[in-house]
Amino acid sequence: MKPEDTVMSGVPIIIKGTKVALTPRQRENVPTYWKWICDPEVNPGLTDIGACVSIENEYEWYDNNAGKADGGSVYFDIHEVNGMRLVGDCLLFDIDHAAGTAELGIIIGEKDCWNRGYATETVALLARYAFDVLGLSSVILNVYDFNERAVAAYRKAGFREVGRRRGVRHGARIVQEVIMDIVPGEVAGLTD
């Protein structure tokens, strides 16, 4: 690994694009994750809308999930390539090596980074990691239909809609959950 492939404090860059770099998730960033989860503008796209837990609960979640390498999930922090500012986090979860599948989740928590292609590049990098590093054959994600920016970003990265779940409760609303997937050879949204 070259010196430019590490961020401050020696945290390695796992995979890098032109806009974002993915590093292992760090416990010291829990206060930032918590800030994003509690932000009412960021929170609506999350499964647990409005669930602003205590910072202690967020540390507990981190320790019981992201802090444990169990092979069923891979957690990353998202940094801007220029300056390496932490701007979001993402993961592959429900990894099933026998079936060759995983699910993808992402949050771009810094709102000044919205609509700049960070989500598109991040999900493309995650898909490439799933296929090239983990040897998987399919990645799926679920997104609420009202999150049009996210749906557009996923499409630009190569994900395709494969179905919808109707009548999904999300807070006080009934929405549709858009189900999207990607397979090797379909990854777009990256400049090689």
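Let's start with a helix pair: α1 passes α2 in a right-handed crossing. This is a predicted model, so keep that in mind throughout. Two packed helices are described by the angle between their axes and the distance between the axes. Here, the axes come within 10 Å and cross at roughly 115°. Helix α1 covers residues 30-38, and helix α2 covers residues 55-64.

Who makes the contact? On the α1 side, Val30, Pro31, Tyr33, Trp34 and Ile37. On the α2 side, Ile55, Glu58, Tyr59 and Tyr62. Sorted by class, that gives eight nonpolar residues, no polar ones and one charged.

Stay with Tyr33 for a moment. Arg25 lies over the face of that ring, 5.4 Å from the ring centre. So Tyr33 shows up twice: in the helix contact, and under an arginine.

Next, the rings. How many aromatic pairs does the structure hold? Five. I'll take two.

One is Phe76 with Tyr129. The pair is edge-to-face, with 5.2 Å centre to centre and 80° between the planes. Phe76 lies in strand β3, residues 74-80. Tyr129 lies in helix α3, residues 118-133. The two are 53 residues apart in sequence, so the pair ties a strand to a helix. Are these partners buried or exposed? Phe76 is buried, at 2% relative accessibility. Tyr129 is at 14%, and it counts as buried because the cut-off is under 20%.

The other pair is Tyr144 with Phe146. Ring centres are 5.7 Å apart. The planes sit at 5°, so this pair is stacked. Tyr144 is buried, at 7% relative accessible area. Phe146 has 25%, so it is partly exposed. Phe146 also has a charge over its ring: the charged end of Arg173 sits 4.2 Å from the ring centre.

Now helix α3 again. Thr122 is found there. Its relative accessibility is 0%, so it counts as buried. What does Thr122 touch, not counting residues up to four places away in sequence? Val20, Leu22, Ile78, Cys90 and Ile106.

Compare that with Arg155, in helix α4, residues 148-157. Arg155 is partly exposed, with 44% relative accessible area. Leaving aside neighbours within four places in sequence, Arg155 is in contact with Glu161 and Met180. For a long-range reference, take Gly72: Arg155 is 83 residues from it in sequence and 25 Å away in space, C-alpha to C-alpha.

Last topic, backbone angles. Which residue in strand β4 has a positive phi? Asp94, at about 50°, although it is not a glycine. Strand β4 runs over residues 86-96. Asp94 is exposed, with 53% relative accessible area. The cut-off for exposed is over 50%, so Asp94 clears it.

Asn115 also has a positive phi, of about 60°, and is not a glycine either. Asn115 is found in the loop between β5, residues 101-108, and α3. At 65% relative accessible area, Asn115 is exposed.

To recap: α1 and α2 cross at roughly 115°. Phe76 and Tyr129 pair edge-to-face. Tyr144 and Phe146 stack, with Arg173 over the Phe146 ring. Thr122 is buried. Asp94 and Asn115 carry positive phi values.

How values were computed
Residues numbered from 1 in each chain as written. Predicted model: local features only at pLDDT ≥ 70, side-chain atom pairs only at ≥ 80, totals over all residues. Heavy atoms only, no water. Axes fitted to C-alpha atoms, helices over the stretch in contact; angles between N-to-C directions. Helix = DSSP H or I, 4+ residues; strand = E, 2+ residues; numbered from the N terminus. Left-handed = near helix turned anticlockwise from the far one by under 90°. Contact = heavy atoms within 4.5 Å. Nonpolar A, V, L, I, M, F, W, Y, C, P; charged D, E, K, R; others polar. Phe/Tyr/Trp six-rings, centres within 6.5 Å; stacked < 30°, edge-to-face > 60°. Buried < 20%, exposed > 50% of the residue type's maximum accessible area, 1.4 Å probe, protein only. Lys NZ or Arg CZ within 6 Å of the ring centre and 35° of its normal.
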